[in-house]
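New page in the notebook. I have a chain open on the screen and want to jot down what I look up, one stop at a time.

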Amino acid sequence: MFAKQLKALRKRNPHLTQMDMATQLGIAKTTYAAYEQGKRTPDIETQNKIADFFQVSLDYLHGREEKRSPTFSTKQMSIAAHIDDEVTDEQMEDILNYIDFIKQKHAKKDRTHG
């Protein structure tokens with residue numbers, strides 16, 4: 001179940017590659033790919049990093065919880081307050097996840113070029 005959930009979470013963002021995730025987690029791409037294929041299971045520290053990255057609970061990652069339970073920061077919720085009230089909860093979650101993705105993408109560039 002973990003592998004299925006992990007792959008589904010990554011695929012929700014079409015620009016997020018296995019290499020991006022491996023870099024984010026500080027592991028080899030082959031190791032991350034093995035997580036998605038169910039050939040390996042990450043240690044608890046890595047599982048926590050994954051849950052934090054996707055803003056889901058460990059229970060969700062392991063299939064023990066049906067619905068994603070995002071845990072958004074105060075800063076994220078402040079940003080969300082400026083977005084139209086007509087967006088659905090799912091759309092809001094996608095917006096906040098995309099903001100995080102962009103921040104992490106730029107942080108990665110800064111580390112590479114700085």
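Where does Leu9 lie? I found Leu9 in helix α1, which runs over residues 2-11. A note to self before going on: this is a predicted model.

**Entry: Leu9**

Next I asked whether Leu9 is buried or exposed. Its relative accessibility is 3%, so I wrote it down as buried, the cut-off being under 20%. Then I looked along the chain to Leu61, which is 52 residues away from Leu9 in sequence. The C-alpha atoms of Leu9 and Leu61 are 9.0 Å apart.

**Entry: the largest nonpolar core**

Which residues touch the most other members of the largest nonpolar core? My list reads Leu6, Met21, Tyr32, Ile50, Phe54, Val56 and Leu61, out of 17 residues in this core. I then checked where the members come from: α1, α2, α3, α4 and α5 (58-61) each give two or more residues. Helix α4 has the largest share of this core, with 4 residues.

I picked Met21 for a closer look. Setting aside neighbours within four places in sequence, Met21 is in contact with Arg10, Leu16, Tyr32, Phe53 and Phe54.

**Entry: helix α3**

Helix α3 covers residues 29-37, and I noted Thr31, Tyr32, Ala33, Ala34, Tyr35 and Glu36 as buried there. What do the buried residues of α3 pack against? They pack against α1, α2 and α4 (44-54). Right after α3 comes Gly38, and its phi is positive, near 80 degrees.

**Entry: salt bridges**

How many salt bridges does the structure hold? I got 3.

I started with Glu36, which pairs with Arg10; their closest N and O atoms are 2.5 Å apart. Glu36 sits in helix α3 and Arg10 in helix α1, so this pair ties together parts that are 26 residues apart in sequence. Both Glu36 and Arg10 are buried.

Then I went to Lys49 and Glu45, whose side chains meet at 4.0 Å, N to O. Both belong to helix α4, 4 residues apart, or about one turn of the helix. I have Lys49 down as partly exposed, because its relative accessibility is 37%. Glu45 is exposed, since its relative accessible area is 51%.

Asp59 and Arg64 form a salt bridge too, with 3.1 Å between the closest N and O atoms. Asp59 counts as partly exposed because its relative accessibility is 34%, while Arg64 at 69% counts as exposed.

**Entry: Asn13 and a pocket**

Asn13 is in the loop between α1 and α2 (18-25). I half expected a loop residue to stick out, but Asn13 has 15% relative accessibility and so counts as buried. Apart from neighbours within four places in sequence, its contacts are Tyr98 and Phe101.

That took me to the second largest pocket, which holds about 240 Å³ of space. Which of its 15 lining residues are the closest to the centre? They are Arg12, Asn13, Asp94, Asn97 and Tyr98, so Asn13 and Tyr98 turn up again. Helices α4 and α7 (89-113) each give two or more residues to the lining, and α7 has the largest share, 6 residues. Sorted by kind, the lining has 7 nonpolar, 4 polar and 4 charged residues.

That's my page for today.

Methods. Residues numbered from 1 in each chain as written. Predicted model: local features only at pLDDT ≥ 70, side-chain atom pairs only at ≥ 80, totals over all residues. Heavy atoms only, no water. Buried < 20%, exposed > 50% of the residue type's maximum accessible area, 1.4 Å probe, protein only. Contact = heavy atoms within 4.5 Å. Core = buried A, V, L, I, M, F, W, Y, C linked by side-chain atoms within 4.5 Å. 1 Å grid on protein atoms, 1.4 Å probe; cavity = no way out; pocket = protein on both sides within 12 Å on 5 of 7 lines; lining within 4 Å. Points joined across faces, edges and corners; volume = space filled by probe spheres on them. Nonpolar A, V, L, I, M, F, W, Y, C, P; charged D, E, K, R; others polar.
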